[in-house]
Amino acid sequence: MATGRNHRPATRSRGIPEATVARLPLYLRALTALSERSVPTVSSEELAAAAGVNSAKLRKDFSYLGSYGTRGVGYDVEYLVYQISRELGLTQDWPVVIVGIGNLGAALANYGGFASRGFRVAALIDADPAMAGKPVAGMPVQHTDDLEKIISENGVHIGVIATPAGAAQQVGERLIAAGVTSILNFAPTVLSVPDGVDVRKVDLSIELQILAFHEQRKAGEEAAAVAAATGDAVTAPPLRGAAGAGAAAGAGAAASRKGPDGDVPAVMPA
């Protein structure tokens, strides 16, 4: 059974840009959905819309793979599924360990999409002795004392960190020392890793904060539109939700403080 050590995908050696690599899973997801519906071919416009990109960018991305489609016909769905899967290294088995089996780690362990996408959860690992032997997603949780042995025996090169922030760096260092060269980090912290180790970070709180920014911007645009229609002066929209109440209370306190340059808050928000 291949573990990936001698079967690295060829994207880097072939010079495929990282931005294109990041879009390949989007194309693969859309193509897989088409394949499941027995759709034989798809146009660049249809596939781009399904993947959420523009068709010119899609055609450029596929040119790196050597796929140009057929004029008047489009792209062969099954061939593209195979081609992209091969480029992403998904035509082989990739054993993965998940470290940190709290609520998030357990949810990841129960995710059914790993196996169908070329990944096999080889082990679930946690530092809590009370978790040792406890079944999660049909697998017994193993203690972190055995981390290095588990990685070696299963030929693991991809690790998932779902620990609290304070433990993530140490866990990452142990994974790397044991032979892991790619890490998916769900812990709310930035990992320091040596050259040659790839880290992808998933921070749900950051994504929510970005959405909050867009919600606030939309509120401002709505206020501006109303003001333009009524001829009223444009004022900044109130913050939405509990944050608005907290910010309003904080603003009163901040206004009473004197900074070194006069009437400015002594503590500026980050």
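This passage walks through the fold of the chain, its sheet and packed helices, its salt bridges and a few single residues. The model is a predicted one, and everything below should be read with that in mind.

Starting with the overall make-up, the secondary structure of the chain adds up to 10 helices and 9 strands. The chain has 270 residues, and 34% of them are buried. On the outside, about 15800 Å² is exposed, with 57% of that supplied by carbon and sulfur atoms. As for how the chain folds back on itself, take the contacts with a separation of 6 or more: 56% of them are between residues 24 or more positions apart.

The sheet comes next. Seven of the strands build an open sheet with mixed pairing, and reading across it gives the order β5-β6-β4-β3-β7-β8-β9. At its edges sit β5 (135-136) and β9 (198-201), each of which pairs on one side only. In general, the strands of a sheet pair through backbone hydrogen bonds, and they can do so in a parallel or an antiparallel way. Here, β3 (residues 94-99) and β4 (residues 119-126) go for the parallel option, with 6 bridges between them. Within this pair, Pro95 has Arg120 of β4 standing opposite.

Two helices that lie against this sheet deserve a look. Helix α7 (residues 147-154) lies across β3, β4 and β6 (139-143), and runs at about 165 degrees to β4. Helix α8 (residues 165-178) also packs on the sheet, where it touches β3, β7 (158-161) and β8 (182-185). The direction of α8 makes about 170 degrees with that of β7. Strand β3 is thus listed among the partners of α7 and among those of α8. One residue of helix α8 is Ala167, which is partly exposed at a relative accessible area of 28%. Ala167 is 20 residues away from Ala187 in sequence, and their C-alpha atoms are 8.7 Å apart in space.

On to the charged pairs. Side chains of opposite charge can pair when their charged atoms come close. Searching the whole structure turns up 7 salt bridges, and three of them are described here. In one of these, the side chains of Arg59 and Glu45 meet with an N to O distance of 3.6 Å. Arg59 belongs to helix α3 (residues 55-65) and Glu45 to helix α2 (residues 44-51), so this bridge ties together parts that are 14 residues apart in sequence. Neither end is hidden away: Arg59 is partly exposed at 37% relative accessible area, and Glu45 is partly exposed as well, at 47%.

Another salt bridge joins the side chains of Lys201 and Asp203, again at 3.6 Å from N to O. What is the status of each partner, buried or exposed in part? Lys201 comes out as partly exposed, with a relative accessible area of 35%. Asp203, on the other hand, counts as buried because its relative accessibility is 13%, and the cut-off for buried is under 20%.

The last of these bridges links Lys218 and Glu215, whose closest N and O atoms are 2.6 Å apart. Both residues sit in helix α9 (residues 204-230), and being 3 residues apart there, they are separated by about one helical turn. Lys218 is partly exposed at 37% relative accessibility, and Glu215 is partly exposed at 34%.

A few single residues round off the picture. Ser85 lies in helix α4 (residues 77-87) and is buried, with 12% relative accessibility. Beyond its neighbours within four places in sequence, Ser85 is in contact with Leu28, Leu90 and Thr91.

Backbone angles bring up two more residues. Most residues other than glycine have a negative phi. Ser38, not a glycine, nonetheless has a positive phi of about 60 degrees. Ser38 is part of the loop between α1 (18-36) and β1 (41-42), and at 64% relative accessibility it counts as exposed. Ala137 also has a positive phi, near 55 degrees. This alanine, Ala137, is in the loop between β5 and β6, and it is partly exposed at 39% relative accessibility.

Technical notes: Residues numbered from 1 in each chain as written. Predicted model: local features only at pLDDT ≥ 70, side-chain atom pairs only at ≥ 80, totals over all residues. Heavy atoms only, no water. Helix = DSSP H or I, 4+ residues; strand = E, 2+ residues; numbered from the N terminus. Buried < 20%, exposed > 50% of the residue type's maximum accessible area, 1.4 Å probe, protein only. Contact = heavy atoms within 4.5 Å. Areas by Shrake-Rupley, 256 points an atom, 1.4 Å probe, with all protein chains shown as cover. Pairing = 2+ DSSP bridges. Axes fitted to C-alpha atoms, helices over the stretch in contact; angles between N-to-C directions. Salt bridge = Lys/Arg side-chain N within 4 Å of Asp/Glu carboxyl O.
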